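Work through the following exercises with the sequence and the structure side by side. Each task is followed by a solution that goes step by step.

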Amino acid sequence: MKISVEEQYKYVKLTLPDGSKAEGQAVLLHACCAPCSSAVLERLGSFFKITIIYYNPNITEEKEYLHRLTELKTFIKKITTKYPINIIDARYNPKEFFAISKGLEKEKERGKRCFECYKLRLEETAKVAKENNFDFFTTTLTLSPYKKTDWLNEIGKELSEKYQTSYLYSDFKKKNGYKRSLELSSIYNLYR
């Protein structure tokens with residue numbers, strides 16, 4: 001599903017489909033790491049009340065998982081945003097990733113295994129967003145040039161309908177988002 005740049009950015013410009021303003025609304029932001037979160041938080045942090053959900057069962061080594069989580073927590077204490085940023089550590093359970101990738105072990109990067117991994121992480125985000133009455137859910141994954149934004153937005157749309165909660169369409173790599181994440185990673189000395 002191809003989402004137009006206008007559709008993606010009308011949210012970032014804070015105009016919702018019904019014409020209302022998004023200022024101060026609550027967004028549950030799935031985050032994979034501090035570097036990808038950096039540019040997204042910089043863009044959204046002046047407008048939204050952000051809670052980060054750190055749910056990444058695809059990180060199969062616990063030491064790496066915890067290192068990225070610690071780096072993310074450290075970073076959100078340093079970045080200046082209009083509203084405080086909260087964080088939810090959903091859980092460390094790589095068995096969930098192994099279950100969805102069974103039979104797909106030989107898939108190349110950006111193949112069907114990645115689609116299933118995106119869906120796994122976004123589904124958990126959508127569930128938590130619904131359970132906690134967030135206005136939106138979205139993901140930092142669209143910042144990466146290595147992730148398929150169309151797939152992520154397609155999954156977000158489907159989960160939005162399934163859980164009756166709003167998905168914030170994004171392509172955070174646009175307008176030099178990925179480049180900005182590299183700059184912020186250097187400024188804050190973030191672990192990549």
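**Exercise 1.** Determine in what order the elements of the protein chain run from the N terminus on.

*Solution.* Reading from the N terminus, the elements of this predicted model follow the order α-β-α-β-α-β-α-α-β-α-β-α. The secondary structure of the protein chain thereby comes to seven helices and five strands. As for burial, 52% of the 192 residues of the protein chain count as buried. Turning to contacts in the protein chain with a separation of 6 or more, 73% of them join residues 24 or more positions apart.

**Exercise 2.** Establish how far the predictor's confidence supports the model, and where pLDDT stays under 50.

*Solution.* Begin with the whole protein chain, for which the mean pLDDT is 89, with 89% of the residues reaching 70 or more. Then look at residues 1-5, over which pLDDT stays under 50 and for which the model has 10 contacts beyond four places in sequence.

**Exercise 3.** Classify the packing of α2 against α3 as roughly parallel or roughly perpendicular.

*Solution.* First take the geometry: the axes of α2 and helix α3 (residues 62-78) are 9 Å apart, and the two helices pack at an angle of about 25°. Angles under 35 degrees count as roughly parallel, and α2 and α3 are therefore roughly parallel to each other. Their crossing is right-handed. Next identify the residues in contact: Ala34, Ser37, Ser38 and Leu41 on the α2 side meet Glu71, Leu72, Phe75 and Ile76 on the α3 side. Sorted by class, this contact of α2 with α3 has five nonpolar, two polar and one charged residues.

**Exercise 4.** Carry out the corresponding analysis for α2 and α7, asking at what angle their axes cross.

*Solution.* The axes of helix α2 (residues 34-44) and helix α7 (residues 177-187) come within 8 Å and cross at roughly 110°. Because angles from 65 to 115 degrees count as roughly perpendicular, α2 is roughly perpendicular to α7. From α2, the residues Pro35, Ser38, Ala39, Glu42 and Arg43 meet Gly177, Arg180, Ser181, Leu184 and Ser185 in α7. By class, the contact of α2 with α7 has three nonpolar, four polar and three charged residues. Ser38 of α2 appears in this contact with α7 and also in the contact with α3.

**Exercise 5.** Locate lysine 127 and decide whether this residue is buried or partly exposed.

*Solution.* Lysine 127 lies in helix α5 (residues 112-131). Its relative accessible area is 33%, so lysine 127 is partly exposed. Between lysine 127 and glutamine 164, which are 37 residues apart in sequence, the C-alpha to C-alpha distance is 9.7 Å.

How values were computed
Residues numbered from 1 in each chain as written. Predicted model: local features only at pLDDT ≥ 70, side-chain atom pairs only at ≥ 80, totals over all residues. Heavy atoms only, no water. Axes fitted to C-alpha atoms, helices over the stretch in contact; angles between N-to-C directions. Helix = DSSP H or I, 4+ residues; strand = E, 2+ residues; numbered from the N terminus. Parallel < 35°, antiparallel > 145°, perpendicular 65-115°, else oblique. Contact = heavy atoms within 4.5 Å. Nonpolar A, V, L, I, M, F, W, Y, C, P; charged D, E, K, R; others polar. pLDDT = per-residue confidence, 0-100. Left-handed = near helix turned anticlockwise from the far one by under 90°. Buried < 20%, exposed > 50% of the residue type's maximum accessible area, 1.4 Å probe, protein only.
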